[in-house]
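This report goes through one protein model for a reader who has not met it before. It takes up charged pairs, the nonpolar interior and aromatic rings in turn.

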Amino acid sequence: FCNEPVRDSSDHWATRMGYRHGSVLIAVAMRPKEIGLTSSVQLEFAETERERSQIAESIALQFFPRQTHAARKVIVAATAGSELPLAKIISEGESVGAIMLCRTNGAIGVYNFFVEERVRGLGIGKQTMVAVSELARNEQCIVCLQCDLSLYDWYETMGFREVGHVDIWVLDHFGTVAIIG
């Protein structure tokens with residue numbers, strides 16, 4: 001979210017340090033309105049360490065499938081050990097995805113949201129966003145998240161609007177990703 005002079009210098013710094021630009025995430029936000037829809041999915045929030053670990057494991061497998069088992073173990077520990085709410089997405093009594101939320105003053109941030117590939121295209125993602133929007137509306141706050149450019153149109157149909165972007169820089173010689181921007 002840098003202005004151009006700062007962005008230019010940070011890009012130059014990252015390049016000098018051995019990073020190359022990898023991709024961009026679009027930052028989007030939406031102020032929920034009364035839409036008269038009731039979500040057909042439930043968010044089942046983890047209450048125990050075991051539940052948090054199970055959800056964190058599904059998140060790590062979804063977003064980091066090519067990482068080593070050891071790397072995913074670190075991601076699972078960090079995700080499960082955070083204070084952020086983790087929830088299973090339940091549709092017709094079955095767990096079909098997961099989501100992590102971050103409540104701050106005036107906003108609910110959505111992180112690590114996914115619907116399992118086997119049930120995509122059935123409206124479960126949209127219903128999940130309806131459920132999150134209802135939480136935000138009740139708390140009188142906005143919903144915000146970062147998405148891949150390929151998902152922007154989908155979020156836009158639900159009322160999200162672009163508010164910025166996050167540059168992803170890749171450190172080639174270690175094969176790891178660092179977020180700068």
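With which residue does Glu94 form a salt bridge? The partner is Arg118, and the closest N and O atoms of the pair are 2.8 Å apart. A salt bridge here is a side-chain nitrogen of Lys or Arg within 4 Å of a carboxyl oxygen of Asp or Glu.

The model is predicted: local features need pLDDT of at least 70, side-chain atom pairs count only at pLDDT 80 or more, and totals for chains, interfaces and linings use all residues. Residues are numbered from 1 along each chain as its sequence is written, and side-chain values use heavy atoms, with hydrogens and water left out.

**Overall layout**

The protein chain has five helices and eight strands, in the order α-β-β-α-α-β-β-β-α-β-α-β-β along the sequence. Helices (H or I, at least four residues) and strands (E, at least two) are DSSP runs, numbered from the N terminus. Of its 181 residues, 37% count as buried. Buried means under 20% relative accessible area, exposed over 50%, and partly exposed in between (1.4 Å probe, protein chains only). Among contacts (heavy atoms within 4.5 Å) with a separation of 6 or more, 67% join residues 24 or more positions apart.

**Salt bridges**

There are four salt bridges in the structure, including the three in this table.

| Pair | Closest N to O distance |
|---|---|
| Glu94 and Arg118 | 2.8 Å |
| Arg103 and Glu139 | 3.0 Å |
| Arg118 and Glu116 | 2.7 Å |

The pair of Glu94 and Arg118 links distant parts of the chain, 24 residues apart: Glu94 is in strand β4 (residues 94–104), and Arg118 is in the loop between β5 (107–115) and α4 (124–138). Arg118 is exposed, at 52% relative accessible area, while Glu94 is partly exposed at 38%. Glu116 is also a partner of Arg118 and counts as partly exposed at 25%. Glu94, Glu116 and Arg118 are thus linked in a network of salt bridges.

Strand β4 also holds Arg103, whose partner Glu139 lies in the loop between α4 and β6 (142–148), so this pair ties together parts 36 residues apart in sequence. Arg103 is partly exposed, at 38%, and Glu139 is partly exposed, at 39%.

**Nonpolar cores**

A nonpolar core is a set of buried Ala, Val, Leu, Ile, Met, Phe, Trp, Tyr and Cys residues joined through side-chain atoms within 4.5 Å. The largest one has 28 residues, and Ile99, Val110, Met129, Val132 and Phe160 have the most contacts inside it. Helix α4 gives the most to this core, with five residues. Beyond its neighbours within four places in sequence, Val132 is in contact with Leu43, Ile99, Leu101, Ile108, Val110 and Val143. A second, separate core has seven residues, among them Ala46, Ile55, Ile59 and Met100.

**Aromatic pairs**

The whole structure has three aromatic pairs. Rings of Phe, Tyr and Trp (its six-membered ring) pair if their centres lie within 6.5 Å; planes under 30 degrees apart count as stacked, over 60 as edge-to-face and the rest as tilted. Phe63 and Phe114 have ring centres 6.1 Å apart and planes at 85°, so they are edge-to-face. Phe63 belongs to helix α2 (residues 49–63) and Phe114 to strand β5, so the pair ties together parts 51 residues apart in sequence. Phe63 is partly exposed, at 35%, whereas Phe114 is buried, at 7%.

Tyr155 and Phe160 form another edge-to-face pair, with 5.4 Å between centres and 85° between planes. Both of these residues, Tyr155 and Phe160, are buried. Ring pairs join Trp154, Tyr155 and Phe160 into a cluster.
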